[in-house]
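Student: I would like to learn how to read the features of a model step by step, with the general idea before the particular case. Could we go through one together?

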Amino acid sequence: MPTCRDSKLFIKDLHFDEVPVRIYLPKVPSATKRRGVIFFHGGCGMFGSIRSHERICRCIARKSDSVVVSVGYHLSPEHKYPAQTLDCLTATVQFLKTAENYGVDPDRIIVCGDSAGGTYTASVCQELVNRRDIPKIRAQVLIYPFLQALNFNLPSYQKNAFIAFLSRKRVVRFILKYLNKDGSMKEAILAGSHVPESINLKYRKWINPDLIPEIFKLGYKPPLPTSFLSQVHEETKELFETRLSPLLAEDAVVCRLPDTCIITCEHDVLRDDGLLYKKRLEDNNVKVTWYHMEEGFH
């Protein structure tokens, strides 16, 4: 859709290596180079667009006096996973390389995203930690992100299982649809039957209800043991990739991540993903700012 006029912003539609982007540039001249914000919209990788997040991107550009790049990554199922993450990575690298063309200080660029956009934010930052040919990301902002597909029985999943808009069952249904997998595996994945014991043991140190603060575990009941289903595991191995489950990244990667802001909502099945990533980052001496919306929904 065409851009709308804005009295305070110049708005341009461009492509970064075939990835659509919309750039919001403040009209008021700046004596110094501005900060940059790369924004990835939410929508489970299947919904949403530059247009759907137009208002939030304009608001960020105006309020922070920053240049905002909204990324219109290609959606599933027409563009199969991991096309979405790769598009976000491509757009990020391109902007880091050309930031000065837009009056942006390349050392003051953050990456930001909501929901699945938060997943892509975490993934992109992880994939860039070893790049030396481009400027480093200054910070990442994760707004109620999805960060792991191993455990759908964490306290927040139990507490908010039937919350409108993003229920526990809907999360898994969306993931399977996003990956173009058979939806009949939903119940097995909800039960945890897709995870072999070896993987459970390996990642228990990072994905575990015991790591959630007690204040967030009121009413929590440990799930009953379930049988491992090897066929479901084989069909859904993508769930264990760090591009889909950034919480599974090794400490050698996590310790090199940029300063982080994490926003969580109380009435959100994904709340505990944010809490667990917060702990992982802090354990690896990454500076974290955390904002929790007690009355907030996904």
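Student: Let me begin with a single side chain: does Lys-279 count as buried, partly exposed or exposed, and at what relative accessibility?

Tutor: Please keep in mind throughout that this is a predicted model. The general idea is to place the relative accessible area between two cut-offs, since under 20% is called buried and over 50% exposed, with partly exposed in between. Lys-279 has a relative accessibility of 30%, and therefore counts as partly exposed.

Student: With which residue does Lys-279 form a salt bridge, and how far apart are the closest N and O atoms?

Tutor: The partner of Lys-279 is Asp-283, and the closest N and O atoms of the two are 2.8 Å apart. Because the two residues are four apart in helix α10, about one helical turn separates Asp-283 from Lys-279.

Student: How many salt bridges does the structure hold, and which residues are linked in a network?

Tutor: There are 21 salt bridges in the structure. A network of them links Asp-6, Asp-13, Arg-22, Glu-54, Arg-58 and Arg-62. For individual pairs, it helps to read the distance together with the burial of the partners. Glu-266 and Arg-271 form a salt bridge whose closest N and O atoms are 2.8 Å apart, and both of these residues are buried. Asp-133 and Arg-131 meet through their side chains at 2.7 Å, N to O, and here Arg-131 is partly exposed, with a relative accessible area of 27%.

Student: Let us turn to the sheet. In what order do the eight strands lie, and which of them are the edge strands?

Tutor: The general idea is that strands of a sheet pair through backbone hydrogen bonds, in either a parallel or an antiparallel manner. In this model the eight strands form an open sheet with mixed pairing, and their order is β1-β2-β4-β3-β5-β6-β7-β8. The edges are β1 (9–16) and β8 (288–297), each of which pairs on one side only. On average, neighbouring strands of this sheet are turned by 20 degrees against each other, with direction ignored.

Student: Which helices pack on the sheet, and which strands do they touch?

Tutor: Helix α1 (residues 54–64) packs on the sheet and touches β1, β2 (19–26), β3 and β4 (67–71), with its direction making about 35 degrees with that of β2. Helix α10 (residues 271–283) also packs on the sheet, where it touches β6 (139–143), β7 (259–267) and β8, and its direction makes about 150 degrees with that of β7.

Student: Where does β4 fit in, and in what sense, parallel or antiparallel, does it pair with β2 and with β3?

Tutor: Strands β2 and β4 run antiparallel and are joined by four bridges, with Tyr-24 standing opposite Val-68 in β4. The pairing of β3 with β4 is parallel and extends over five bridges, and Val-37 has Val-68 as its bridge partner in β4. Together, β3, α1 and β4 make a right-handed β-α-β unit. As for β3 (residues 34–40) and β5 (residues 104–114), they pair in the parallel sense over six bridges, and Arg-34 stands opposite Val-104 in β5.

Student: Why is β4 described as largely enclosed?

Tutor: Five of the five residues of β4 are buried, so the rest of the structure largely encloses this strand. Both of its faces are covered, since Val-67, Val-69 and Val-71 on one side, and Val-68 and Ser-70 on the other, are all buried.

Student: How many aromatic pairs does a search of the whole structure find?

Tutor: The general idea is to describe a pair of aromatic rings by the distance of the centres and the angle of the planes. The search finds eight aromatic pairs in the whole structure. One of them, Phe-47 with Phe-174, is edge-to-face, at 5.7 Å centre to centre and 70 degrees between the planes. Because Phe-47 lies in the loop between β3 and α1 and Phe-174 in helix α5 (residues 168–178), the pair ties together parts that are 127 residues apart in sequence. Phe-47 is partly exposed, with a relative accessible area of 41%, whereas Phe-174 is buried at 15%.

Student: How far apart are the ring centres of Tyr-81 and Tyr-178?

Tutor: The centres of Tyr-81 and Tyr-178 lie 5.9 Å apart and the planes stand at 70 degrees, so this pair is edge-to-face. Tyr-81 is in the loop between β4 and α2 (83–98) and Tyr-178 in helix α5, 97 residues apart, and the pair thus links distant parts of the chain. Tyr-81 and Tyr-178 are both buried.

Methods:
Residues are numbered from 1 along each chain as its sequence is written. This is a predicted model: local features need pLDDT of at least 70, side-chain atom pairs count only at pLDDT 80 or more; totals for chains, interfaces and linings use all residues. Side-chain values use heavy atoms; hydrogens and water are left out. Two strands pair if DSSP finds at least two bridges between them. Axes are lines fitted to C-alpha atoms, for helices over the stretch in contact, and angles run from 0 to 180 degrees between N-to-C directions. Contact means heavy atoms within 4.5 Å. A salt bridge is a side-chain nitrogen of Lys or Arg within 4 Å of a carboxyl oxygen of Asp or Glu. Buried means under 20% relative accessible area, exposed over 50%, partly exposed in between (1.4 Å probe, protein chains only). A crossover is right-handed if, with the strands pointing away from the viewer, the path from the first strand over the helix to the second runs clockwise. Rings of Phe, Tyr and Trp (its six-membered ring) pair if their centres lie within 6.5 Å; planes under 30 degrees apart count as stacked, over 60 as edge-to-face and the rest as tilted.
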